[in-house]
Amino acid sequence: MKAWLERKTRRAEVARQWAALGDCDACGHPWSEHAGTDNDLDGMCGECAYEFEHGERTTDGAGCMLPLPSAL
């Protein structure tokens, strides 16, 4: 039970840290979708990749490849 609580507490702390960072200046998506979070697609922001895959891109620009800031 203690390990479960520790994992839950750690996930909550990481979520607070991501929220404090705000969104990526380059693409406007949450940092929680960028490389270094396991939500990216081969280094591309996961939200940018999703937009490409589903034809929802509103710009002709390439997908964002910025990694999660080293603050985390």
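This section describes the overall form, the nonpolar core, the cysteines and the polar side-chain contacts of a predicted model.

The protein contains 2 helices and 0 strands. The helices are α1, which covers residues 2-21, and α2, which covers residues 46-53. The C-alpha trace extends about 50 × 20 × 15 Å along its principal axes. The radius of gyration is 14 Å, against a value near 11 Å for a compact globule of 72 residues. Of the 72 residues, 28% count as buried. Among contacts with a separation of 6 or more, 34% come from residues 24 or more positions apart.

The largest nonpolar core consists of 8 residues, namely C24, W31, M44, C45, C48, A49, C64 and L68. Two of these core members, C48 and A49, are also listed among the buried residues of α2, together with G46 and E51. An α-helix has 3.6 residues a turn, so residues three or four places apart point the same way. Just after α2, G55 adopts a positive phi of about 65 degrees. The core residue M44 is in contact with E33, A49, F52, G63, C64 and M65, when neighbours within four places in sequence are left aside. Of these partners, A49 and C64 are themselves members of the core.

A further approach between distant parts of the chain involves P67, which lies in the segment after α2. The C-alpha atoms of P67 and H34 are separated by 5.6 Å, although the two residues are 33 residues apart along the chain. Beyond its neighbours within four places in sequence, P67 is in contact with W31, H34 and A35. Of these, W31 belongs to the largest nonpolar core.

Several cysteines occur in the core, including C24, C45, C48 and C64, yet a search of the whole structure finds 0 disulfides. A disulfide is a covalent bond between the sulfur atoms of two cysteines. For C24, the closest cysteine sulfur is that of C64 at 3.7 Å, and the pair is not a disulfide because this distance is too far for a bond; the cut-off is 2.5 Å. The same reasoning applies to C27, because its sulfur is 3.9 Å from the closest cysteine sulfur, in C24, which is too far for a bond. The surroundings of these cysteines can also be described by accessibility. C24 is buried, with a relative accessible area of 3%, whereas C27 is partly exposed at 22%.

The polar contacts considered here centre on H29, E51 and R57. H29 is placed in the loop between α1 and α2 and is buried, with a relative accessible area of 11%. The side chains of H29 and E51 are joined by a polar contact of 3.0 Å. E51, one of the buried residues of α2, has a relative accessibility of 17% and therefore falls in the buried class, for which the limit is under 20%. The side chain of E51 also meets that of R57 in a salt bridge, with an N to O distance of 2.8 Å. The search of the whole structure finds 1 salt bridge. Not counting residues up to four places away in sequence, H29 touches D23, C24, H34, C45, E47, C48, E51 and R57. Both partners of the salt bridge, E51 and R57, are thus among the residues touched by H29. The contacts of H29 also include C24, C45 and C48, which are members of the largest nonpolar core, and H34, whose C-alpha atom is separated from that of P67 by 5.6 Å.

Key:
Residues numbered from 1 in each chain as written. Predicted model: local features only at pLDDT ≥ 70, side-chain atom pairs only at ≥ 80, totals over all residues. Heavy atoms only, no water. Helix = DSSP H or I, 4+ residues; strand = E, 2+ residues; numbered from the N terminus. Buried < 20%, exposed > 50% of the residue type's maximum accessible area, 1.4 Å probe, protein only. Polar contact = N/O pair within 3.5 Å; in protein donor to acceptor, adjacent residues only side chain to side chain. Contact = heavy atoms within 4.5 Å. Core = buried A, V, L, I, M, F, W, Y, C linked by side-chain atoms within 4.5 Å. Salt bridge = Lys/Arg side-chain N within 4 Å of Asp/Glu carboxyl O. Rg over C-alpha atoms; globule rule 2.2 N^0.38 Å.
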